[in-house]
Amino acid sequence: MSVPDEIRTARIQLRQWTARDEPHLLAIQSLVEVVKWQDDGPPKVMKDIDEARERIASYERQARPHGVWAVVPDDVGHPVGSVMLNPVPESGEPALTQIGWSLHPTAWGHGYAAEAASALLDAGLAAGVSEIYALTNLTNFPSIAVALRIGMTDLGTTDDYYEEPSRIFVARSPAT
Ligand SMILES: CC(C)(COP(=O)(O)OP(=O)(O)OC[C@H]1O[C@@H](n2cnc3c(N)ncnc32)[C@H](O)[C@@H]1OP(=O)(O)O)[C@@H](O)C(=O)NCCC(=O)NCCS
């Protein structure tokens, strides 16, 4: 079984990003307060709709279990952010899998990130990924709170994968 393209929760549809969503992706990824926590180095702010188009195309090229799911709350009706499964950098071959989350600030404080991430975590484990990690900046307290809220195990800090130290969490399938 693979991680499904669409996942339903009580309040949210998780689905693939499409060309129609380009303005929403640009609105989210053009904000420094969202992108400053992604990847090493200076924040990579999205500049224009062409970049949004290329980014969605790059999402479509990802092979399962990896991918980026648009978070569409029923009461909003369009994507307010993403949850994703992707490889942990510098984690060997095969790479470890990590889960991530990012939302437009207008969607913070509703429990959407935790609800979406919990569903994707369950889907990833059910699809046979035996361990899923989450890595956050040590001072990204809202993100640390999401990992704890969805029941991931806190493994402390690590210097292994990003330039800056990370707080690292894991969820393991019951069979592991
Ligand atoms: C990290 C991030 C997704 C967290 O968003 P968030 O909305 O705080 O997270 P949650 O979905 O868990 O929501 C929890 C909040 O919603 C509130 N909430 C409101 N209604 C709720 C409901 N029905 N159910 C659950 N929580 C609810 C909770 O009380 C909590 O608020 P609090 O933080 O004031 O206590 C967001 O800060 C973000 O996008 N940051 C930028 C990108 C980023 O840092 N990504 C992670 C990189 S590692």
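Here are some questions and answers about a predicted model of a protein with a ligand.

Q: In what order do the 8 strands of the open sheet run?
A: The pairing in this open sheet is mixed. Strands of a sheet pair through backbone hydrogen bonds, either parallel or antiparallel. Reading across the 8 strands, the order is β1-β2-β3-β4-β5-β6-β8-β7.

Q: Which strands stand at the edges of that sheet?
A: Look for strands that have a single partner strand. A strand like that has one side left without a neighbour in the sheet, so it stands at an edge. The two that fit are β1 and β7 (153-158).

Q: How many residues lie between β1 and β2 in their hairpin?
A: Strand β1 covers residues 7-8 and strand β2 covers residues 12-16, and they pair in the antiparallel sense over 2 bridges. One pair to look at is I7, whose bridge partner in β2 is L14. The hairpin that β1 and β2 form has, between the strands, 3 residues.

Q: Which residue in β3 does R15 stand opposite?
A: β2 is also joined to strand β3 (residues 67-73), this time by 5 bridges. The two strands run antiparallel. Across from R15, in β3, you'll find A70.

Q: Do β5 and β6 run parallel or antiparallel?
A: Strand β6 spans residues 131-137, and 2 bridges join β5 to it. To get your bearings, find T97, which stands opposite I132 in β6. The direction of this pair is parallel.

Q: Where does the ligand sit, and which residues come nearest?
A: The ligand sits in the largest pocket. There are 20 residues around the ligand. Of those, the nearest are W101, G109, A113, N140 and R149.

Q: Which helix gives the most to the shell around the ligand?
A: Several elements each supply at least two residues of the shell: α2 (32-35), β5 (97-103), α4 (112-126) and α5 (141-149). The top contributor gives 4 residues. That is α5.

Q: How do the residues of the shell divide into nonpolar, polar and charged?
A: This is a split by residue type for the shell around the ligand. The charged group holds 3 residues and the polar group 6. The nonpolar count is 11.

Q: What percentage of the ligand's exposed area does the protein bury?
A: Start with the polar contacts: a backbone N or O atom of L103 lies 2.8 Å from an oxygen atom of the ligand, and a polar backbone atom of A113 is 2.8 Å from a ligand oxygen. W108 joins in through its side chain, with an N or O atom 3.0 Å from an oxygen atom of the ligand. Taken alone the ligand exposes 960 Å², and the part of that buried by the protein is 67%.

Q: Which residues come before the prolines P65 and P94 at the cis peptide bonds?
A: Most residues other than glycine have a negative phi, and most peptide bonds are trans. P65 sits in the loop between α3 (49-60) and β3, and its cis bond has omega near 15°. P94 sits in the loop between β4 (81-87) and β5, and its cis bond has omega near 0°. The residue before P65 is R64, and the one before P94 is E93.

Q: What is phi of D39?
A: D39 is placed in the loop between α2 and α3. Its phi is a positive value in a residue other than glycine. The angle is near 65°.

Notes. Residues are numbered from 1 along each chain as its sequence is written. This is a predicted model: local features need pLDDT of at least 70, side-chain atom pairs count only at pLDDT 80 or more; totals for chains, interfaces and linings use all residues. Side-chain values use heavy atoms; hydrogens and water are left out. Two strands pair if DSSP finds at least two bridges between them. A residue is near a molecule or strand if one of its heavy atoms lies within 4 Å of it. A polar contact is a pair of N or O atoms within 3.5 Å; within protein, one must be able to donate a hydrogen and the other to accept it, and residues adjacent in sequence count only if both atoms are side-chain atoms. Accessible areas come from the Shrake-Rupley method with a 1.4 Å probe; for residues, only the protein chains shown count as cover. On a 1 Å grid over the protein atoms alone, a cavity is a set of points where a 1.4 Å probe fits but cannot get out, and a pocket is an open set with protein on both sides within 12 Å along at least five of seven lines; lining residues have an atom within 4 Å of a point. A molecule sits in a cavity or pocket if more than half of its atoms lie within 2 Å of its grid points. Ala, Val, Leu, Ile, Met, Phe, Trp, Tyr, Cys and Pro count as nonpolar, Asp, Glu, Lys and Arg as charged, and the others, Gly among them, as polar.
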